[in-house]
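Hello,

Here is the structure I promised to pass on to you. Please have it open while you read, and my notes on what turned up follow below.

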Amino acid sequence: MPETMKNALKSMLTVLFFAGFSALVSLLGIGNESIIMMFLLSVLFTAVLTSSRLWALCAAVVSVMLFNYLYTEPKFTFQVYSTNDLMMLAFFMVTAVVSGTVTSKLQTEMEVAGRNEQTTRTLYQIATGFLSASGQESVIMRAEDLIREYTGLTVRVELSPDTENLPGGYAIRTPAGTLGRLILSGDRPEGQKELIIQAVSTQLGIALERERLVSERESIRLAMERERQRTTLLRSIAHDLRSPLTALSGAGNLLSDHYGDLTDAERRKLASDVSEEIIWLSDLVENILNMTRINESQLLLQKDDEVIDDVVGEAVKHTERLFRDRKFSVTLPEEVVTAKMDGKLIAQVIINLLENAARHTPADSKIALRVQAEPARLVISVSDTGNGVPKEIRDRLFERFVTQDDRIVDGRRGLGLGLAICKTVVEAHGGEIRYEDNLPHGSIFSFTLPMEVRT
């Protein structure tokens, strides 16, 4: 039914209801002054029910005519003989018109206030809806979902600095400029829907600007972190290269200047020292190269079926010079065990762990390398009876440039790259590495490698 027909029916029924009720009241001997108030109520109720000033005025006119017809002398005619009745009808007409107009206006204001409240609530929900979105794609999807939820319209977001080539739609503006437009799939909406789309467009611009600032801040932080790491690496390399190079230079000069004065044992000792320093330099360069590949995402694994005994043997052979004054033991599985791995990199992991144990344990301490074969994995551990790892660095033990002593002192401190490289290599193989205390004192570094289950 059309809205006009509904309002006409409401007005007619309201006036008829109060007219009938006034007839019942008149039987009780109630005066015309009270009956007029009932007809006035019909005008007020009409204004409330229809929310229209026009229907309230119509109800006022009809009420005046009905009152004149039913209750003024001569009754059942529209003639008025009495001046009092005429004045009463005039005042009733004015009162009905004014009260109906005011009531209708108040009703309209209430409806507007209700719509404004709903609009404000919707705008608040739109503003808070972007708070949980992070990332440009997530923010854009959130904007599209909000428009679809609150307007039922389909929209797409076009981000382009060249907004002149994007006709129509709603501009997405930020303090830095216009980023693009919201393009609607249908005709341009009006009223509240347009307000909602404009609000989404504004909030989308704010959210995208926020994401841009977060991205820039993260880029600056990463750049600063890279610069800090580069500075630390260069400083550490300069220090760690100085010690072996000084030793090599001293041994070379001593052999060159006093070769004839040295005994065979002394020459052999100098040659051994030179060999150890060269191996140290080789390991240092290998760790630096591995870390460079990791930074550039160029650490490629060449996995083959490797016998773990051979990999361990290569690592032990490379580091056996470090354990001359320590009690070193190796425990291997009784059966031959193979696993898919990059043998060279896993050997480097074991070398780093063994060197780490030798560097941080005193003479006569025990160092043990143990390999256990479990149903679906290999567990390789290096334990020692040294002083363990200080609690203050355990949470960042596998990060780069973490050492037990951050001071630059004479002697080898180490770059703090070994454990970070170990972690990256092991995780690239699908395993994990961890540290635990070796009670009553010492450390255990262990890592796992996945192994195919053989049936």
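Let me start with a pair of helices. Helix H9 (residues 343-359) packs against helix H10 (residues 418-428) at an angle of about 145°, and their axes are 9 Å apart. The crossing of H9 past H10 is left-handed. On the H9 side, the contact is made by Leu345, Ile346, Val349, Asn352 and Leu353, while H10 brings in Gly418, Leu419, Ile421, Cys422, Val425 and Val426. Sorted by character, the residues of this contact between H9 and H10 come to 9 nonpolar and 2 polar, with no charged ones.

Before going further, please keep in mind that this is a predicted model.

For the overall picture, the protein has 10 helices and 10 strands. Of its 455 residues, 39% are buried. Among contacts with a separation of 6 or more, 66% are between residues 24 or more positions apart.

Next, the aromatic residues. How many aromatic pairs does the structure hold? There are 2. In one of them, Phe323 and Phe328 are stacked, with 4.2 Å from centre to centre and 10° between the planes. Is Phe323 buried or exposed? Phe323 counts as buried, because its relative accessibility is 7%, below the 20% cut-off. Its partner Phe328 has 24% relative accessibility and so counts as partly exposed.

Tyr435 and Phe445 also form an aromatic pair, this one tilted, at 5.1 Å centre to centre and with 50° between the planes. Tyr435 belongs to strand S9 (residues 433-437) and Phe445 to strand S10, so this pair ties together parts that are 10 residues apart in sequence. Both Tyr435 and Phe445 are buried.

A ring is involved in one more feature you may like to look at. The charged end of Arg267 sits over the ring of Tyr259, at 4.6 Å from the ring's centre.

Back to strand S10 (residues 443-450), where you will also find Thr448. Thr448 has a relative accessible area of 11%, so this residue is buried. Which residues does Thr448 touch, leaving aside those up to four places away in sequence? They are Arg377, Leu378, Val379, Val426, Gly431 and Glu432. You have met Val426 already, as one of the H10 residues in the contact with H9.

Two backbone details are worth a look while you are in this part of the chain. The peptide bond running from Leu439 to Pro440 is cis, with omega near 10°. Pro440 sits in the loop between S9 and S10, the strands that carry Tyr435 and Phe445. The other detail is at Asp364, where phi is near 70°, a positive value in a residue other than glycine. Where does Asp364 lie? Asp364 is in the loop between H9 and strand S7 (366-373). With 59% relative accessibility, Asp364 counts as exposed, because the cut-off for that is over 50%.

Now to some residues from earlier in the chain. Ile30 lies in the loop between helix H1 (3-26) and helix H2 (32-50). Its relative accessible area is 35%, so Ile30 is partly exposed. Not counting residues up to four places away in sequence, Ile30 touches Val25 and Ile35.

Thr72 lies in another loop, the one between helix H3 (53-71) and helix H4 (83-129). Is Thr72 buried or exposed? Thr72 counts as buried, because its relative accessibility is 0%. Thr72 and Asn32 are 40 residues apart along the chain, and their C-alpha atoms are separated by 8.4 Å.

Finally, Leu179 is found in strand S3 (residues 177-184). This residue is partly exposed, with a relative accessible area of 29%. Leu179 and Ser160 are 19 residues apart in sequence, and 5.8 Å apart in space from C-alpha to C-alpha.

If you want a place to begin, try the contact between H9 and H10, and then turn to Thr448 in S10.

Happy viewing, and best wishes

Notes: Residues numbered from 1 in each chain as written. Predicted model: local features only at pLDDT ≥ 70, side-chain atom pairs only at ≥ 80, totals over all residues. Heavy atoms only, no water. Helix = DSSP H or I, 4+ residues; strand = E, 2+ residues; numbered from the N terminus. Buried < 20%, exposed > 50% of the residue type's maximum accessible area, 1.4 Å probe, protein only. Contact = heavy atoms within 4.5 Å. Axes fitted to C-alpha atoms, helices over the stretch in contact; angles between N-to-C directions. Left-handed = near helix turned anticlockwise from the far one by under 90°. Nonpolar A, V, L, I, M, F, W, Y, C, P; charged D, E, K, R; others polar. Phe/Tyr/Trp six-rings, centres within 6.5 Å; stacked < 30°, edge-to-face > 60°. Lys NZ or Arg CZ within 6 Å of the ring centre and 35° of its normal.
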